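Me: I am new to this structure and would like to go through it with a few questions. Could you take me through the reasoning behind each reply?

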Amino acid sequence: MLLSFLSVVLGLVLLIGASDRFVESAVRLARSLGVSVVLIGALIVGLGTSIPELLVSGIAAADGKLDIAMANVTGSNVANVTLVLGTAAIVAPVMSRTRILQREGTLMLLSVAALAAVLWGGSVDRIEGIGLLLALALSLYLLVRWSSSDVDGIIQVDENDEAASIGGELLIGLAALGVTVFAARTLLTGALDLGARFGLGATFLGMLLGVGTSLPELATTLAAVRRHQSDLVIGNVLGSNLFNSLAVTGTAAVIGPGQLNDLNHPSLAVMVAVVVLAGWFALHDKRIVRVEGVILVAIFLVFAALSY
């Protein structure tokens, strides 16, 4: 049991550190391109920090544990919108732009709804997985196209930033990704063993893995809040949930399709509902304030308790 516990701790530590370094390399490379903050948040930060979910769910599906793979995605989506976004709003108000929420926010809501619809029937097949991956390709195309007209969100290069070597950052980023792969496997192995020893269900275990793999999103989001980069916060959550719902689920379905024996329908409903609630918070006065952040975190705590 001690070895399993150490595997979980080591996996989480390496996962957080390696994912964070991967994102840092990606952002350094992207800043010189003069693209919008939301695009960096969605494509670079959001998708980059979702790599742990992709690896954990993909490995679980390959090992015939599709229930845990899907519970991980669901738990991560809920954690991103409630724990991550809510914590950020408690630290400082998260400002939002109506056009971003109407476009990218709607795209994220549709992806989460598509995920819920696919899982609701209690099974996932390869055709559905391929459909989700095709939807991801379309979504990425739309994100890039929309960002070209988002002149208000262009990130400015700080003159005090040190010039980054493109080749060096690419090597560091690839190395960080390699460590992330190892960490994801270590985390999954230890968590599954502990779950079996304590008799935890797949829903609760998946939720725990979802929270663990959402820690890079939380760390990145809090850093963005401290730098008053609300667009980066919004983009991070939008991109992460979009990637989770389409890429992670689609990949897991292609790798290991099958029946979901421990499907939790209420968790799917909660996943869609919190996205709608957070969107309403952001739209009604163009920001998410501390009280709303507390509500979101409270929803997460209730969700975690009921998952047990």
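Me: Which residue just after α3 takes a positive phi?
Reply: This is a predicted model, and local features are given where its pLDDT is at least 70. Just after α3 the phi angle turns positive, at about 80 degrees, and the residue that takes this value is glycine 64.

Me: How many of the 12 residues of α3 are buried?
Reply: A residue counts as buried when its relative accessible area is under 20%. Within α3, the residues that meet this include Ile51, Pro52, Leu55 and Val56, and also Gly58 and Ile59. The helix is therefore described as mostly covered, and the number of its 12 residues that are buried is 10.

Me: How far apart are the end C-alpha atoms of helix α3, residues 51-62?
Reply: The expected span takes 1.5 Å times one less than the number of residues, so the 12 residues of helix α3 should span 16 Å. The model agrees with this expectation, as the distance between the end C-alpha atoms is 16 Å.

Me: Is serine 111 buried or exposed?
Reply: Serine 111 lies in helix α5, which covers residues 98-120. Leaving aside neighbours within four places in sequence, serine 111 is in contact with Asn241, Leu242, Ser245 and Leu246. Its relative accessibility is 4%, and because the cut-off is under 20%, serine 111 counts as buried.

Me: What separates the C-alpha atoms of valine 297 and leucine 85?
Reply: Valine 297 is found in helix α11, residues 290-307, and counts as buried at 16% relative accessibility. Beyond its neighbours within four places in sequence, valine 297 is in contact with Thr82, Leu83, Gly86, Thr87 and Ile90. Although valine 297 and leucine 85 are 212 residues apart along the chain, their C-alpha atoms are separated by 8.4 Å.

Me: Which kind of aromatic pair do tryptophan 280 and phenylalanine 281 form?
Reply: The count comes to 1 aromatic pair, and in the pair formed by tryptophan 280 and phenylalanine 281 the centres are 5.7 Å apart. Tryptophan 280 is exposed at 52% relative accessibility, whereas phenylalanine 281 is buried at 6%. Planes under 30 degrees apart would count as stacked and over 60 as edge-to-face, so with 50 degrees between the planes this pair is tilted.

Me: What area does the nonpolar surface patch with Phe5 have?
Reply: Phenylalanine 5 is found in helix α1, residues 2-31, and is partly exposed, with a relative accessible area of 47%. The patch is made by Leu2, Phe5, Leu6, Val9 and Val13, and its area is about 480 Å².

Terms used: Residues numbered from 1 in each chain as written. Predicted model: local features only at pLDDT ≥ 70, side-chain atom pairs only at ≥ 80, totals over all residues. Heavy atoms only, no water. Phe/Tyr/Trp six-rings, centres within 6.5 Å; stacked < 30°, edge-to-face > 60°. Buried < 20%, exposed > 50% of the residue type's maximum accessible area, 1.4 Å probe, protein only. Helix = DSSP H or I, 4+ residues; strand = E, 2+ residues; numbered from the N terminus. Contact = heavy atoms within 4.5 Å. Patch = residues over 30% accessible without salt bridge, like charges linked within 9 Å, V, L, I, M, F, W, Y side chains within 5 Å. Areas by Shrake-Rupley, 256 points an atom, 1.4 Å probe, with all protein chains shown as cover. Salt bridge = Lys/Arg side-chain N within 4 Å of Asp/Glu carboxyl O.
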